[in-house]
Amino acid sequence: MKIGIVCYPTFGGSGVVATELGIELSKRGHEVHFITYKQPVRLELLGSNVHFHEVTVPEYPLFHYQPYELALSSKLVDMVKLHKIEVLHVHYAIPHAYAAYMAKKMLEAEGINLPFVTTLHGTDITLVGSHPFYKTAVTFSINNSDAVTSVSESLKKDTLRLFDITNEIEVITNFIDIGKYVNNFTDCQRAMMAKDEERIITHVSNFRSVKRIPDVIKVFYNIQKELPAKLMMVGEGPEKEDAEMLAKKLGIEDKVVFLGNSNEVDRILCFSDLFLLPSQTESFGLAALEAMASGVPVISSNSGGIPEVNVHGVSGYLSDVGDVDDMSKNALSILRDTDTLNTFKAQAAKEATKFDISKIVPQYEAIYEKTLAKS
Ligand code: GMT
């Protein structure tokens, strides 16, 4: 098949999923065209089966807001015609599903049929999409997609609760290429980051308020009171400065390392002992799955789709949102004893295999085939 993929190209769950999916589809013989405003961060290798088409939005002083949807839908029409793209897969409803619908209608006027699949990722539903300013357009574009998928059961439920949905929503969970994580590194270079006796705790996110970054710092503060430990904070975002200040206020700034955005998250996870994800909500929690695939147990909140990924007492523990004491207690129960830690590490890695790319990508192929057959 010739598949067009639209996503956000930045460090963020939906963009990562879209990119990994596109790469895997190309390996399976499909011709994949990424259409977005920048080359996706994890899309390093463009080849005969993987193409990138940049959407540019020229600045014009009349516009207070530059019309990205317009530029995207025009580019979609042009690329579909030029490369004979058969099906479009848009990740994150806003504004991608809306732009895809416009492209579909423009192509229809020329007698070209373009089915499009919309994948709902989380904040496009739970935080942004349900806002009254966007809700009407988001509802319309979900209901008028040729197929709709959501990354967890929890997100499907949220979508049905928050919007007036008439379309079917199929759950296709996020995934991970286990092969990339198993024995990826023979030497994690752990010594560069911590002493032998120190436990390494890691958090990876876009540092938005939904991630509850102060909880990460507070849980770590409680851990390091009991045993030698270091905290790796990976990512960039609006809450980062406050987190640095909180670490300083608590007197632990020498134990908290802010690493910024990284293309080598797997390398950092390789030497990590525990992953913290205390989010207010997560539709899935891809960062937790990446940690588990690296054999890192997860201490998380129990909100949204996280319980579908992190299994309480097996791959880690879940606590109520904001229950820093319970998270700290659970973290210490894993970290104190090396045998227990190793058991949780092995269990986390095993749980992650349920989400291997080889099990999930065929589900997307089946959706594409179904929408093509229907149209
Ligand atoms: O919040 C983020 O980390 C970014 C956001 C995105 O759309 O890029 O992530 C959402 O999609 C990810 C991939 O499907 C999920 O793993 C995240 O749980 C989800 N984030 C939220 O629901 C807050």
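Helices (H or I, at least four residues) and strands (E, at least two) are runs assigned by DSSP, and they are numbered from the N terminus. Keep that in mind as we walk through this model, which is a predicted one.

Let's start with a loop. Tyr92 sits in the loop between strand 4 and helix 3. Its backbone does something to look out for: phi is positive, at about 80 degrees, even though Tyr92 is not a glycine. Is Tyr92 buried or exposed? Count the other C-beta atoms within 10 Å and you get 26, so Tyr92 is buried, given that 20 or more is the cut-off for that word.

Now step back to Lys84, in the loop between helix 2 (68-83) and strand 4 (87-91). Lys84 is not a glycine either, and its phi is positive too, at about 55 degrees. Its surroundings tell another story, though. Lys84 has 10 C-beta neighbours inside 10 Å, so it counts as exposed, the limit for that being 12 or fewer.

Moving on to helix 3, which covers residues 93-108, you'll find Pro95 there. Have a look at the peptide bond that leads from Ile94 into Pro95: this bond is cis, and its omega is near -15 degrees.

Strand 4 belongs to a bigger arrangement, so let's see what it joins. Seven strands make up an open sheet, and reading across it gives the order 3-2-1-4-5-6-7, with parallel pairing. Which strands stand at the edges? They are strand 3 (50-54) and strand 7 (169-171); each has a single partner strand, so one side of each has no neighbour in the sheet. Going from one strand to the next, the twist averages 25 degrees.

You can pick out one pair in this sheet and follow it. Strand 5 (residues 116-120) and strand 6 (residues 147-150) run parallel and are joined by four bridges. Within that pairing, Leu120 stands opposite Ser150 in strand 6. Helix 2 also goes with this sheet: it lies across strand 1 (2-6), strand 2 (31-36), strand 3 and strand 4. Relative to strand 2, helix 2 runs at about 160 degrees.

There is a second sheet to explore further along the chain. This open sheet has six strands in the order 10-9-8-11-12-13, and its pairing is parallel. Here strand 10 and strand 13 (316-319) take the edge positions, each with a single partner strand, so one side of each is left without a neighbour. The twist from one strand to the next averages 20 degrees. Helix 8 (residues 213-226) packs on this sheet, where it touches strand 8 (199-204), strand 9, strand 11 (274-277) and strand 12 (298-301). The direction of helix 8 makes about 165 degrees with that of strand 9.

Let's zoom in on the strand 9 and strand 10 end. Strand 9 (residues 229-234) pairs with strand 10 (residues 256-260) in the parallel sense, over four bridges. How does the chain get from one to the other? It passes through helix 9 (residues 240-249), and this β-α-β crossover is right-handed. You can check individual partners too: Met232 is bridged to Val257 in strand 10, while Val234 has Gly260 as its bridge partner.

Helix 9 is also the place to find Ala247. With 22 other C-beta atoms within 10 Å, Ala247 is buried. Setting aside neighbours within four places in sequence, which residues does Ala247 contact? They are Ile217, Ile252, Glu253 and Val256. For a sense of distance, try Asn49: Ala247 and Asn49 are 198 residues apart in sequence, and their C-alpha atoms are 46 Å apart in space.

This part of the chain has an annotation as well. An unreviewed UniProt entry lists residues 195-350 as "domain: Glycosyl transferase family". Over residues 195-350, the chain is 40% helix and 19% strand, and the C-alpha atoms at the two ends are 28 Å apart.

Finally, take a look around the ligand. There are 21 residues around it, and Gly12, Gly13, Ser14, Gly122 and Leu286 come nearest. Two elements, helix 1 (13-27) and helix 4 (123-126), give two or more residues to this shell. Which element gives the most? That is helix 1, with four residues.

Definitions and conventions:
Residues numbered from 1 in each chain as written. Predicted model: local features only at pLDDT ≥ 70, side-chain atom pairs only at ≥ 80, totals over all residues. Pairing = 2+ DSSP bridges. Right-handed = clockwise from strand over helix to strand, strands pointing away. Axes fitted to C-alpha atoms, helices over the stretch in contact; angles between N-to-C directions. Contact = placed C-beta atoms within 7 Å. UniProt positions renumbered as here; feature names shortened; annotations may be inferred. Near = placed C-beta within 6 Å.
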